[in-house]
Amino acid sequence: MEEKLNITYVVLDGHVELNKYKYLYFSIVFIVYILIICSNSTIVYLIWKHPNLHEPMYIFIAALLLNSVLLSNIIYPKLLIDFLSEKQIISYQACIVQYFMFYTLGCSEFLLLAAMAYDRYVSICKPLQYPTIMRKKTIIIILVLAWLVPACHLVGFALISANQKLCSFTLKVIFCNNTIYKLFCVASRVISIFGGFILLNVVFIPVFFVIFTYIRILITCYRSSGEARKKAAQTCFPHLLVLFNYLFLITYDVITVRLESDFPKTARLIMTLQLVLYNPLFNPIIYGLKMKEISKHLKRLF
């Protein structure tokens, strides 16, 4: 810990052989960061530019990709700076902010996936009511809630964490996540209960909603023609792939704080990187190249 002007610093000790490979790490992560920003931003731009993509499904995809850009901007710039720094440190206040933003945007991803599932459900199962239900006002409300609900949940969490007494000043990670609780002198029961409440509201309920919705879609399409079943599979599979991948990574992240300190450092680093790598990098491929209308405009652009 370093004390300067009453600022408490936390050491990020999750890097593996950084002195030996720092330029390699920097180059790879910088390329990945540029790819994430460019690929996600390109598809968001295409959806914004072309009127025929101004439909609820594409608007939700744009929101999901924009969410990935915001999440990457919270993590990657600091990570790149750390690669080239002598000390990998962050002020405790900045750590709390990074923690708050990371989980707010992470939870927003589940709510946006739930919104996309609902849109597909109404489109396929209630096509005649679709224009009435999925109005512009409804879409705006859903998008606002997708970002606002996690933020309202986690702001209290962040404030409680900011006022905890610290007895440790080293995190075995490369950015501030829920292992921040290992810094506290005393484990807070309030934080544990509140954390379970947040997980239920903004992770597990959206996940169960998505699964339930796609089961209803598949049942409806199974009773229809073969073409309808094919369309349903093309619609559901990418969403479920993204959902279960992110659910697995978030589950790992949640239980990390319960793991012992002898958990292999390299394995911890790899799993932590996947949290901020897979979805931001592969979402543009899944929702860009696999969606016919977006893919068509993408080919014209290049």
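This is a chat about a predicted model, covering its confidence, its cysteines and a few of its helices.

Visitor: What should I know before reading anything off it?
Guide: The model is predicted: local features need pLDDT of at least 70, side-chain atom pairs count only at pLDDT 80 or more, and totals for chains, interfaces and linings use all residues. Residues are numbered from 1 along each chain as its sequence is written, and side-chain values use heavy atoms, with hydrogens and water left out.

Visitor: What is the mean pLDDT of the protein chain?
Guide: The mean is 85, and 91% of the residues reach 70 or more. pLDDT is the predictor's confidence in each residue, on a scale from 0 to 100.

Visitor: Which elements have the lowest and highest mean pLDDT?
Guide: Strand β1 (residues 3-4) is lowest at 46, and α2 is highest at 93. Where pLDDT is low, the predicted coordinates should not be read in detail. Helices (H or I, at least four residues) and strands (E, at least two) are DSSP runs, numbered from the N terminus.

Visitor: Cysteines next. How many disulfides?
Guide: Two, taking a disulfide as a pair of cysteine sulfur atoms within 2.5 Å. One joins C95 to C176, with an S to S distance of 1.9 Å. That pair links distant parts of the chain, 81 residues apart: C95 is in helix α3 (residues 92-125), and C176 is in the loop between β4 (170-171) and α6 (189-222).

Visitor: And which cysteines form the other one?
Guide: C167 and C185, whose sulfur atoms are 1.8 Å apart. C167 sits in the loop between α5 (136-162) and β4, while C185 is in the loop between β4 and α6, 18 residues from C167.

Visitor: Are C95 and C176 buried or exposed?
Guide: Both are buried. Buried means under 20% relative accessible area, exposed over 50%, and partly exposed in between (1.4 Å probe, protein chains only).

Visitor: What about C167 and C185?
Guide: C167 counts as exposed at 52% relative accessibility. C185 is partly exposed, with a relative accessible area of 30%.

Visitor: Which hand does each link have?
Guide: The C95 and C176 link is left-handed, with -120 degrees about the S-S bond. The C167 and C185 link is right-handed, with 95 degrees.

Visitor: What is the pairing in sequence order?
Guide: Numbering the bonded cysteines along the protein chain, the pairing is 1-3, 2-4.

Visitor: Why is there no bond at C107?
Guide: Because the closest cysteine sulfur, in C152, is 12 Å from the sulfur of C107, which is too far for a bond. C107 also counts as buried, at 9% relative accessibility.

Visitor: Switching to α10. Which residues are buried there?
Guide: In helix α10 (residues 292-301) the buried residues are I294, S295, H297 and L298. Seen down the axis of α10, they fall within an arc of 165 degrees, so they line one face of the helix. The arc is that of the directions from the helix axis to the C-beta atoms.

Visitor: What is exposed on the other side of α10?
Guide: K292, K299 and R300 are exposed there. R300 has 62% relative accessibility. The C-alpha atoms of R300 and I43 are 12 Å apart, with their positions 257 residues apart along the chain.

Visitor: What covers the buried residues of α10?
Guide: The cover includes α1 (18-49), α2 (56-83) and α9 (278-289). For α1, what covers the buried residues includes α2, α9 and α10. Contact here means heavy atoms within 4.5 Å.

Visitor: Where is the kink in α1 centred?
Guide: On L24, with a kink of about 35 degrees. The bend at a residue is the angle between axes fitted to the seven residues ending there and the seven starting there. Among the buried residues of α1 are V29, Y33, N40 and I47.

Visitor: Where does UniProt place the feature "transmembrane region"?
Guide: The unreviewed UniProt entry gives several spans, including residues 23-48 and 139-162. UniProt positions use the numbering used here, feature names are shortened, and annotations may be inferred rather than shown by experiment. In the model, residues 23-48 are 100% helix and 0% strand, with end C-alpha atoms 37 Å apart. Residues 139-162 are also 100% helix and 0% strand, and their end C-alpha atoms lie 35 Å apart.

Visitor: Last one: what does T220 touch?
Guide: T220, in helix α6, touches I124 and C125, not counting residues up to four places away in sequence. T220 is partly exposed, with a relative accessible area of 28%.
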